[in-house]
Amino acid sequence: MNFALGFKPPAAGSSGPGSGSGATMENLEKQLICPVCLEMFSKPVVILPCQHNLCRKCANDIFQSANPLWQSRSASSLAASGGRFRCPSCRHEVVLDRHGVYGLQRNLLVENIIDMYRQQESSRLVNVKQQQQQQQQLLCDEHEEEKINIYCLSCQTPTCSMCKVFGQHKDCDVAPLSSVYVRQKTELSDGIAILVASNDHIQAVISEMEEICRNVEENGQRQREQLADHFDGLVAILEARKQELVGLITKEQDDKLKHVRSLIRQHSDHLEAAVTLVESAIQSMEEPHMSLFIQSATEILEKMAVTAGASNMKRPEIGYENMSHFVVDTDDLADTLRNIQFCSGLGNEREEDPEEGEVESNLDFYLRH
């Protein structure tokens, strides 16, 4: 670089290097103005759901003016809702929770930019004077008393007019140093503005994705509960049907037991009568008188004939005790239950109707064979 430090005072009317920097800071300051107090944001800065920013103090003032009775409400009503107000920039309604404006998210990005801006602005005035002095004192080391006043576009370096006319830059493209300075300051200012806007957009996207995460968690919990309700209903149906079928088995078991036990009582009565008749016959055999023996024997023989005829009493048929006809084939039903799947098509159709979606579940499942 063909210049050196000198001590030549600046000519009257020359433009200093601080003009472009001042424009840059002014453009940045416009991005940091609160729409309520029309001054630079004062921390803490809060971001509204519509992505506009306010000083928390200004947001609280707007909220208090829109809700004059808010401070006088009871604690129970405060827990239910924190009130609402409208964004001064887009008139979007902002609904607060029970924490009021203190529940709004802080925009740390804007606060950091404000800190950087104030630090830069505080040092800018000092730096401008130093830069002006350095600019005023920058002299060409090849041409004494020649001030650096042009910029070589080809070599990308500042130089003096004599270097352009007679020196090493005579075949190069040059431009006034001040114009290059202003142009680069403007480009830097525009870049800062674009970056700030991009950061705001990124923060809006992050907020949107955080909301999506909350919705996913809530929807997942709701769908799990609804799925559990569906399966509890199936279990209740199976339990009720089981009780019905168990009741049928129990009824037939009781009927068969009642019938068999009735036959047992009949055979027991017949057996008891036969034993008594045998005892009578044995006693009759001991009768010493023939006439009395014949008379008693005749009666006993008649009773024996009747008893022998009644020995062929009714008996349960073969296999009467069998209960194997109470069989339930659950193989197909088990396969059906194992293949229960979500029916996403029904859920998508319901989502098209937001009013219906609030009443019915977005979770459906079907039985697939």
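Two aromatic rings of Phe, Tyr or Trp are taken to form a pair if their centres lie within 6.5 Å, and planes over 60 degrees apart make such a pair edge-to-face. In the present structure, which is a predicted model, 1 aromatic pair is found. The ring centres of F63 and F85 are 6.4 Å apart and their planes stand at 65°, so the arrangement is edge-to-face. Distant parts of the chain are linked by this pair, since F63 belongs to helix α2 and F85 to strand β4 (residues 84-86), with the two positions 22 residues apart in numbering. F63 has a relative accessibility of 1% and therefore counts as buried; F85, with a relative accessible area of 2%, is likewise buried.

F85 is also among the residues with the most contacts inside the largest nonpolar core, together with L32, F41 and L54. This core comprises 25 residues, and at least two of them are supplied by each of β2 (45-47), β3 (53-55), α2 (56-66) and α4 (108-137). Another core, of 9 residues, lies apart from it and includes L138, C140, I148 and L177. The contacts of F41 include L32, L54, V110 and I114.

Strands β3, β2 and β6 form, in that order, an open sheet with antiparallel pairing. Its edge strands, β3 and β6 (105-106), each pair on one side only. Between β2 and β6 the antiparallel pairing extends over 2 bridges, and I47 has Q105 in β6 as its bridge partner. Helix α2 lies across β2, β3 and β6 and runs at about 90° to β3.

Elsewhere, K256 is placed over the face of Y320, at 5.2 Å from the ring centre.

Conventions: Residues numbered from 1 in each chain as written. Predicted model: local features only at pLDDT ≥ 70, side-chain atom pairs only at ≥ 80, totals over all residues. Heavy atoms only, no water. Core = buried A, V, L, I, M, F, W, Y, C linked by side-chain atoms within 4.5 Å. Buried < 20%, exposed > 50% of the residue type's maximum accessible area, 1.4 Å probe, protein only. Helix = DSSP H or I, 4+ residues; strand = E, 2+ residues; numbered from the N terminus. Contact = heavy atoms within 4.5 Å. Pairing = 2+ DSSP bridges. Axes fitted to C-alpha atoms, helices over the stretch in contact; angles between N-to-C directions. Phe/Tyr/Trp six-rings, centres within 6.5 Å; stacked < 30°, edge-to-face > 60°. Lys NZ or Arg CZ within 6 Å of the ring centre and 35° of its normal. Lists of a residue's contacts leave out its neighbours within four places in sequence.
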